Structures are given as structure tokens and as C-alpha cells.
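This briefing goes through selected residues and helix pairs, grouped by topic. Please keep the sequence and the structure in view while reading.

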Amino acid sequence: MPDGSPVLITGAAGGVGAVGRSIVELLRNRDVPVRAFVHREDERAEALRATGAEVVVGDLTDARDVIDAMTGCRRMYFGMSVSSRYLEATVTVAAAAREYGNLAALINISQLTVSQMTLTSTTESAQQRQHWLGEQVLNWSGLPVVDIRPTVFLENPIFMTIAASSIAGNDTIRLPFGSARTSPIAAGDVAEVIATVLVDPTSHLGKTYELTGPRSQDMTAMAAEYSAALGRPITYVDVPLQQWADQELNPLGLPEHLREHLATMARLHRENRYDRLTHDVEAVTGRQPTSVRDWVTDHVTLFARPTVGKTP
């Protein structure tokens, strides 16, 4: 299937974990031609051009923009940041791809929560519901789809903003997960799986890959990995869910759709919905996913204690 046509990558400017941008970089490192779809012209678009990618600006809910971006492409990755319009974008992409009629592979990023959802389930976030419905639409479309379902990212604000702040401030991970287990994954591992599939998707068509980190463990065990990476003791502190939302999440001032999604993820963690472990990263890439310890080692500046200025 691989040919000289560009691979279309949406969400290429990067949101949480910058999966789209990482896919562009991985493909360009393999000299695969790439067309990067971004929402606006800014310094991130210029950085993509610096990799040798063609950059197009548009709106994923505008069918004209999507069809223009698809034209001349045979392989495509669809993903966008958490948005109240995610389902609209998914349906637009599916309809545009059907009208275009020349895609040989469409790689869709979803989330692992979808595998535990049903048509009538109501405990998930509006964003998770949109991912579930989006998968239904893509299944009905008859398009050559590969679904990628990662679990929570290590780059998710729950870990990378809220937990990182308490670690830097007082060496604690303050989260409302109770004794539940979780298996967060590095966004770079997700990007590598998707890039590998895009390079030669033939054997992957119609499959669903569920991606987790290398182990599922409770937060005390995760804190031990942070301790080993940072060289100082890090302790997990279980915080009541509503208190955590009021004191840690809500002050971030996030859009309501995103705030509700993160609050729901925290609740589902406490209910042990993220206690999942798969080996799909290794099956696709041939290597183990990144451990929490190794990821923290690569991001130590996020967890550095504040420096106290010295008086002259």
C-alpha cells in the first residue's frame, strides 16, 4: 500500500501529549511525505513545515476544508483535541472520506474507556460518549478503519499539571483514585503505534488496538516509580473526589466540556475502570511501552522543587 502520496495527519499542531505532531515527526524521520492539518497558522505550523511536512489550515467540522486536505492522500490519521464538537468532526471526516472515495486507510484515535461502554451507559463523560458514537459512525461508514484506543496519557492534566504541582510543592501525589489501579501510557508510545500502522496499514485494517502502559498498579506503586526517577520520596495522598475537584481541578479555569471530562476520568479511576493491561504496543512496535519511571526521568523538570531566591 505505501506509495508517494502524502499521509494526512489531523490535529497536527498537538494537544495533550502532542500525538499528532509526534506522528508527523516520526513519519518525516522515515522520509514519508506528510500533509499536516492544523486549525490555525502559528509557530507550531512553522515547526511542522521545518520537518518538511506540507501544512494546510482548516476546520475539521468544515467538509470543504476536510475534502481539500484529503485530496491526493491515500492514508489518514484522524484525531483532535477534547472538544464539544468532536462527534461533528468525526461525522464530517467520515462523510468526506466516503465522498472522496480514495482512502486506503483511516486511523482513528479513540480511548480505552469505549471498550467498557454500551449504547445505554450513562456514567461516562460527554467526550467519552462522543468517542463511542464516533466509532459507531466509522464502523457504519464502510471505510478502511483502524481504531486506536489508548488509556489515560501520562501527559493528561491530571498527571502532568495537577499531580506535578503537588509533587513539586510537597513531594505528594494528591489524587482521588483511592486504592484503584491504573496503567497510564506515554503519548509518544501512542504516536509510534499510529505511525507504524500508517507506514504500512494493510495488515492492520479492521483491527482495534488497545494501548496501556507496561503495568497496572495502584497509586502507591506509581509513587514509588516517581520516587525512583526523582531520587526523593514521593507519597500518594488519597483526596476525596469533590475536594479534589474544588481545590485542584476547578481553579484551572478549563472549558466546561474539558473540566467535566477530567472530573469524570478521576471518578472512573476511583471506580477502578482504568485497571487495564494490554500488550498491543509491543505487538505493533516490537518494544515494551514506556514505564512511569522512565517517563518521569525524561521529564524531571516538571517535578522540580521551586527554587528559593537567596537574599544578597
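In which loop does Thr278 lie? Thr278 is in the loop that runs between helix H10 (256–270) and helix H11 (280–285). The model is predicted. The points below start with that loop, then turn to Glu124, to two residues with positive phi, to Val7 and Ala18, and finally to two helix pairs.

**Thr278 and its contacts**

- Thr278 counts as buried because its relative accessibility is 16%, and the cut-off for buried is under 20%.
- The side chain of Thr278 reaches back to the main chain of Glu210, where the backbone oxygen is 2.4 Å away.
- Leaving aside residues up to four places away in sequence, Thr278 touches Glu210, Leu211, Thr212 and Gly213.
- Glu210 therefore appears both as a residue that Thr278 touches and as the owner of the backbone oxygen reached by the Thr278 side chain.

**Glu124, a buried charged residue**

- Glu124 sits in the loop between strand E5 (105–109) and helix H5 (126–141).
- With a relative accessibility of 11%, Glu124 counts as buried, and Glu is classed as charged.
- Which side chain makes a polar contact of 2.9 Å with the side chain of Glu124? It is the side chain of Arg273.
- A polar contact of 3.2 Å also links the side chain of Glu124 to that of Thr123.
- Not counting residues up to four places away in sequence, the residues touched by Glu124 are Thr113, Met117, Arg129, Glu260, Thr264, Leu268 and Arg273.
- Arg273 is thus among the residues touched by Glu124 and is its partner in the 2.9 Å polar contact.
- From Glu124 to Leu60, the separation is 64 residues in sequence and 24 Å in space, C-alpha to C-alpha.

**Two residues with positive phi**

- Most residues other than glycine have a negative phi.
- Asp171 has a phi near 60 degrees, a positive value in a residue other than glycine.
- Asp171 is placed in the loop between helix H6 (157–170) and strand E7 (172–175).
- Asp171 counts as buried, at 14% relative accessibility.
- Asn272 is not a glycine either, and its phi is positive at about 70 degrees.
- The loop between H10 and H11 holds Asn272.
- Is Asn272 buried or partly exposed? Its relative accessibility is 34%, so Asn272 counts as partly exposed.

**Val7 and Ala18**

- Val7 belongs to strand E1.
- The relative accessible area of Val7 is 0%, so this residue is buried.
- Val7 touches Leu27, Val32, Pro33, Val34, Arg35, Arg75 and Leu198, when residues up to four places away in sequence are not counted.
- Val7 and Val199 are 192 residues apart in sequence, while their C-alpha atoms are 8.9 Å apart in space.
- Ala18 lies in the loop between strand E1 (7–9) and helix H1 (19–29).
- Ala18 is buried as well, with a relative accessible area of 7%.
- Ala18 and Ser115 are separated by 97 residues in sequence and by 23 Å in space, C-alpha to C-alpha.

**Helix pairs**

- Two packed helices are described by the angle between their axes and the distance between the axes.
- The axes of helix H3 (residues 63–70) and helix H4 (residues 86–100) cross at roughly 50 degrees and come within 9 Å.
- That angle makes H3 oblique to H4.
- The crossing of H3 past H4 is right-handed.
- On the H3 side the contact is made by Ala63, Val66, Ile67 and Met70, and on the H4 side by Thr92, Val93, Ala96, Ala97, Glu99 and Tyr100.
- Eight residues of the contact of H3 with H4 are nonpolar, one is polar and one is charged.
- Helix H9 (residues 241–249) packs with H10 at an angle of about 145 degrees, and the axes are 11 Å apart.
- H9 passes H10 in a crossing that is right-handed.
- Leu241, Trp244 and Leu249 of H9 make the contact with Arg259, Leu262, Ala263, Ala266 and Arg267 of H10.
- The contact of H9 with H10 has six nonpolar and two charged residues, and no polar residues.

Technical notes:
Residues are numbered from 1 along each chain as its sequence is written. This is a predicted model: local features need pLDDT of at least 70, side-chain atom pairs count only at pLDDT 80 or more; totals for chains, interfaces and linings use all residues. Side-chain values use heavy atoms; hydrogens and water are left out. Helices (H or I, at least four residues) and strands (E, at least two) are DSSP runs, numbered from the N terminus. Buried means under 20% relative accessible area, exposed over 50%, partly exposed in between (1.4 Å probe, protein chains only). Contact means heavy atoms within 4.5 Å. A polar contact is a pair of N or O atoms within 3.5 Å; within protein, one must be able to donate a hydrogen and the other to accept it, and residues adjacent in sequence count only if both atoms are side-chain atoms. Axes are lines fitted to C-alpha atoms, for helices over the stretch in contact, and angles run from 0 to 180 degrees between N-to-C directions. Angles under 35 degrees count as roughly parallel, over 145 as roughly antiparallel, 65 to 115 as roughly perpendicular and the rest as oblique. A crossing is left-handed if the near helix is turned anticlockwise from the far one by less than a right angle, and right-handed if clockwise.
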